[in-house]
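Reader: Put the thing on screen first, please. Then I'll ask how you back up each label you use.

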Amino acid sequence: MKLALTVALGAVLLALATSAWLALADQGNVLGTPHDLGSSGAGGVSSCETCHVPHEVSGAAIWEDGPRSDGAFAGLTPVCYSCHDGTVANGSYVFDADAVQHPLDREAGKDCNMCHDPHVSDYGSFLLFPSGANLCQACHEHAGENDHPVNVNLRDVAFAPLDTRWDPDQGDFSGTRLWDATGRAGSEYTKCLTCHSAHAGSLESFLTIGPDIEAGISSALCQNCHRGEVDK
Amino acid sequence: MFATHEAHLPTAPSVRTRARFPAAGLFVAALLVIAVIIVTIAASPWQSTRERAAAFPASLSWHVTAPAHGYGALTTEYRQASDLVKLDGRFFVLDTGNSRILVQDSHGTLLRAIDGADGGAVLRTPMALATDGVHLYVANTGASQVLALETDGQVTRTLDLSSIAPAARPVRPVGLALAPDGGLLVSDPDNNRVLHLNPDGTLLQVLGSGVRAGGAEGFNAPAGLAVDAAGFTYVVDTLNGRVVKLSPAGSIIQQFGRPGDTAGTLSRPKDVAVDAAGKVYVSDTLLAAVQVFAPNGDYLGFIGRQDPGDAHSRSLFTAPAGLTVVGDELYVVDRFAGVFAFRLSESY
């Protein structure tokens, strides 16, 4: 009996300590990142409290869990969108009912956090994967093997894309992006995200340049680089 | 010896019992404390919400919405609309995702679009609208500008905020209001400040410390702005979970709400409007509601649940943002669900 009580008490204390450690570890990861949004002074809020409210809260993750009219706007999406809606941060395209978004499977626990962890900024954009702009390969294992090549320096093959700007934050939803070798910053290499975007893409393949239907060009994306090589 | 033994027999168990009871008692007490904490955390917010839930009397007059499709099509379909003003009996709805303003009549019928065609204003993800009763003013967010427009969309003045008020980060205007002196108030969340511009567009005053601050020191990502009839300014202090009231001199003199997600608290406030009686309306994107406060800061109730008396009934809204009060009507621009018009009760 004494042993059982001791083990039970130890388990409770271990669980509490683990929870506290995880919370502190998450806080430590957030500090200094773009999600370090706490405010100073009397009446300020800590970075944790900008998303997790310790009091007056109803959601399981201690953030709002209010009833909404739109069933698609659910799970983690509302809390992410509540900042990434063009107010606190740019990026209202993270949930844009008018754009093609990478599918989620909330019933299987796959929400925004299938690619992002707001507490971890090791790989840029709070992504879970170190592969930069080739992050698709983290799940789509064979992407790039028998497809259009990635990691190609376009200067070596003398291609100069017409439109290398894709910036929905500025209202630009069309264009390809070139990256540095690591896929973290802009430069001259093709990566998965040169032609695709998980957010605000066109068609089901999340292409960054959709077909130009008015001009009858189905391969506008290809012609952005391969001008004259691709038939309409 | 016997007596001593006798004397020890009854005491020994009790000594052992006392030795056990502190450990077991501590464990039971710890469990009770943990249970009380869990029950309190799990139950109190709901109880609190139920206890303090109050429906502010407002009847839904009309609702214009349609799921958005395509880019630039001349329809009444919005793509993440964010604000609205009423001028000359017409509604000017900021269709942010399509970078245009839709002009609609009082029935919601589309009259035309201000989208850069015909020499009109070229907009880039604009986030806020205001009017002085003659002109439209647009926070042209993606271009770091404020534009003054004729109602036909022609630009009469362009204020380049990057040259007016340079800062550590590019100025990204997301809130806009006409100041009592005829100037403009512009919120700049990336620099945690509100800019007060003279009518000629020159910088008059910077409100807020410019760093993320709470209390009386400043703002944390300020967004929507409003000015009441007495000339006081209201600033949605989004990440501090509050709305602050500023004196004409720019000092914080009052606070509405506090962080939370229950009735009367603010989770992600976005915009604010003030009616003629001084009641303060605050949209909350995360709470999916509009909350109402008395001029003294008392919480009056919320708007937006299908059952106005039940805070847990389904919300009419998905992501409410822009607010405008015109007379006894409140207009709510939802980023996804369209424009809602409510008739406000005069008896409250």
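Author: We'll start with confidence, move on to the strands and loops, and end with contacts between chains and domains.

Reader: What kind of model is this, and how are things numbered?

Author: It's a predicted model: local features need pLDDT of at least 70, side-chain atom pairs count only at pLDDT 80 or more, and totals for chains, interfaces and linings use all residues. Residues count from 1 along each chain as its sequence is written, while chains are lettered from A and ligands numbered from 1 in the order in which they are written.

Reader: What scores does the model get, and what is the mean pLDDT of chain B?

Author: The model has ipTM 0.83 and pTM 0.84. For chain B the mean pLDDT is 83, on a scale where the predictor gives each residue a confidence from 0 to 100. In that chain, 80% of the residues reach 70 or more.

Reader: Where does pLDDT stay under 50 in chain B?

Author: Residues 1-22 of chain B do that, and they have zero contacts beyond four places in sequence. A contact here needs two C-beta atoms, placed from the backbone, within 7 Å. Residues 66-75 of chain B also fall below 50 in pLDDT, yet that stretch has 18 contacts in the model beyond near neighbours in sequence.

Reader: Why is strand S7 of chain B called largely enclosed?

Author: Check its residues against the cut-off: buried takes 20 or more other C-beta atoms within 10 Å of a residue's own, exposed takes 12 or fewer, and partly exposed is in between. All five of the five residues in S7(B), 136-140, come out buried, so the rest of the structure largely encloses the strand. Both faces are covered by that label: Leu136(B), Val138(B) and Asn140(B) point one way, Tyr137(B) and Ala139(B) the other, and all are buried.

Reader: What makes S6(B) and S7(B) a pair?

Author: Strands are DSSP runs (E, at least two residues; helices are H or I, at least four), numbered from the N terminus. Two of them pair if DSSP finds at least two bridges between them. S6(B), residues 128-131, and S7(B) have four bridges in the antiparallel sense, so they pass that test of at least two. One bridge joins Leu129(B) to Val138(B). The two strands form a hairpin with four residues between them, and Gly133(B) in the turn has a positive phi of about 95°.

Reader: How many bridges link S7(B) and S8(B)?

Author: Five, again antiparallel, with S8(B) spanning residues 145-149. Tyr137(B) has Ala148(B) as its bridge partner there. This hairpin also has four residues between its strands, and Ser144(B) takes a positive phi near 55°. S8(B) then pairs with S9(B), antiparallel over five bridges, and Val146(B) is bridged to Leu159(B).

Reader: Which strands are the edges of the open sheet, and what makes them edges?

Author: S6 and S9 (155-160) of chain B, as each pairs on one side only. The order of this open four-stranded sheet is S6-S7-S8-S9 (chain B), with antiparallel pairing.

Reader: How do you know whether Thr125(B) is buried or exposed?

Author: Count neighbours: Thr125(B) has 26 C-beta atoms inside 10 Å, so it counts as buried. It sits in the loop between S5 (110-114) and S6 of chain B, and has a positive phi of about 40° although it is not a glycine.

Reader: What about Ala221(B): buried or exposed?

Author: Ala221(B) has 25 other C-beta atoms within 10 Å, so it is buried. Its phi is near 65°, positive in a residue other than glycine, and its place is the loop between S13 (203-207) and S14 (222-227) of chain B.

Reader: How many helices and strands does chain A have?

Author: Four helices and zero strands, running α-α-α-α from the N terminus. Buried residues make up 31% of its 232 residues.

Reader: How many residues of chain A are in contact with chain B?

Author: 42, meeting 59 residues of chain B. The elements giving two or more residues to that side of chain A are H1 (2-30) and H2 (77-81).

Reader: How is chain A divided into domains?

Author: Into domain 1 (1-123) and domain 2 (129-232), with bounds that come from an automatic or database domain assignment. Their contact takes eleven residues from domain 1 and 13 from domain 2 of chain A.
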